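Reader: Hey, got a minute to walk me through this one? Pull it up and we'll go from there.
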Amino acid sequence: MASVTSLTATVHQRLATALTAALPETADADPLLRRSDRADFQANGILALAKKAKANPRDLATQVVDRVVTGDVIKDIEVSGPGFLNITITDRAITETLAARATDPTGRLGVPLTDHPGTTVIDYAQPNVAKEMHVGHLRSAVIGDAVVQILEFAGETVVRRHHIGDWGTQFGMLIQYLDEHPHELDHGASGDGPVSGEEAMSNLDRLYKAARAHFDSDEEFKTRARRRVVDLQAGDPKTLAAWQKFVDESKIYFFSVFEKLDMEIRDPDIVGESGYNDMLDETCRLLEESGVAVRSEGALCVFFDDVKGPDGNPVPLIVKKSDGGYGYAATDLSAIRNRVFDLKADTLIYVVDARQSLHFKMVFETARRAGWLNDGTKAEQLAFGTVLGKDGKPFKTREGETVRLVDLLDEAVDRASAVVREKAQDLSEEEIAERGAQVGIGAVKYADLSTSANRDYKFDLDQMVSLNGDTSVYLQYAYARIQSILRKAGDVRPVAHPELELAVAERALGLHADRFAETVAEAAAEYAPHKLTAYLYQLASLYTTFYAECPVLKADTPAQVENRLFLCDVTARTLHQGMALLGIRTPERL
């Protein structure tokens, strides 16, 4: 495929070559190149290299300058201060590099595929069967989906896994109640068509509350419910069939919520806790035979020197309880075996709440001791912080209850629709509703992704749907504005004119647009969608300055009109591709 060498990479290579020529022992040294407000780039690495070589930094910098090839890409390079290098790029190089990105036949804007693709399993979006999704489920879904998109775009083979909570003692209570009240989950008999996600959850919620009330008040029912747990674990066909009804009903609901979130969740990727039941016994046997796990007070445990309770005694990872039941650890360790040995993954990513960090630290260490994880196969928790309300406390309703995810998304769409309606000039009601959903869901995703995953963030809808500041709406309006300009241009097409001089705002926009490929690579390597959001916000901001300072359709010459349309087009395509990697739509009109 066609990849384009970025200006940063070209300048870096030229400086490295000149450095090696000036000081041969610095071969492979990093000139520490970065963007600068004093020039296009600044290189700061010479100070440390000179110190190491016991040389005068300004003298070394001067020798490097004398050896750097200039003219085609580098217009000017000068020594500044104690030994910094300030580098200016030619206007021609900026335009030609962007033209190469724009004409990439793969449509990837010159973004290369990774040199060393592997197989990554990403475990994200893990709701619980027979329970409503709440605000706490938002981050795993949004962050996980963005990391999936970014890694796939970078060329990695990605296996999605949704480790739903579909097993446990609560199902004995639910199944027994359903057995005694067989019509509780009946629907659609009137021929009204398929059940909606909201109706499915309403049925489950009603049944769960009724079963719980019965369980708490009726000792005989409680006994029957506990026997049902034993039947379920033993694989009794009738009990499993009832359990499957709960799973199927819950999936209808899950799919409806993820569709509202504009996320693709595929049924084969949903492998819940129950998917590893057949492996649990063998997992425990392997851990015990290898000495990784030991018996303690009847339970099978793994101990760690650095994990102790308040009393100073070791706190173990319990793999199998003293009553013979399996803990979460047995399921998680079985999942690791499946993902490493059956799915052939070399990287496992778990997008899970930071509050579960100790559990995963112990699980990963146990898998390493067992030899299931090693230098060639790594596991990492992409831990995320808490969603807070405007008051800085965990996000709750006024009644102090957890916020339903569906309610939160609906409110975001309502707020966004009001913003779109206020701005809309020639949109129909149907278009306003469609754009409102795209803007509202985009706003929720962007607010989440623009914060480093491990930090908490405040859920403030007023700020999220604002047209000003670091919001997805600001980016979407920048994109829509460009599309409006391209439509108004009529028959005049975007054409690169490398021979033209560029204005300051054109240079800044062009240099930043060229950094898209390296930003994607960085976001993929660090599983850091927030790096991409920061890049896109800066791109939209630079475009706003360009739009204010550089007339496009009323530029001085036809060539300048075409070149500025070209800059508009490259910016729009970069915004569109970048936002798509975050799972956010870019409407053509707003």
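Author: Sure, a definition to start: buried means under 20% relative accessible area, exposed over 50%, and partly exposed in between, with a 1.4 Å probe and protein chains only. This is a predicted model, where local features need pLDDT of at least 70, side-chain atom pairs count only at pLDDT 80 or more, and totals for chains, interfaces and linings use all residues. Residues are numbered from 1 along each chain as its sequence is written, and side-chain values use heavy atoms, leaving out hydrogens and water.

Reader: OK, how many residues of helix H17 are buried?
Author: Eight of the ten in H17 (residues 504-513), so this helix is largely enclosed by the rest of the structure. Helices here are DSSP runs (H or I, at least four residues), numbered from the N terminus.

Reader: Which ones are buried in H17?
Author: Ala505, Glu506, Arg507, Leu509, Gly510, Leu511, His512 and Ala513.

Reader: Switching topic: which residues have the most contacts inside the largest nonpolar core?
Author: Ile122, Leu174, Phe246, Phe258, Leu261, Phe459 and Phe546, in a core of 130 residues. Such a core is a set of buried Ala, Val, Leu, Ile, Met, Phe, Trp, Tyr and Cys residues joined through side-chain atoms within 4.5 Å.

Reader: And which helix gives this core its largest share?
Author: H5 (residues 138-154), with eleven residues.

Reader: What does Leu174 touch?
Author: Leaving out residues up to four places away in sequence, Leu174 touches Ala130, Leu207, Tyr208, Ala211 and Phe246. Contact means heavy atoms within 4.5 Å.

Reader: What's in the second core?
Author: That separate core has 30 residues, including Cys284, Leu287, Phe360 and Phe364.

Note on methods: Helices (H or I, at least four residues) and strands (E, at least two) are DSSP runs, numbered from the N terminus.
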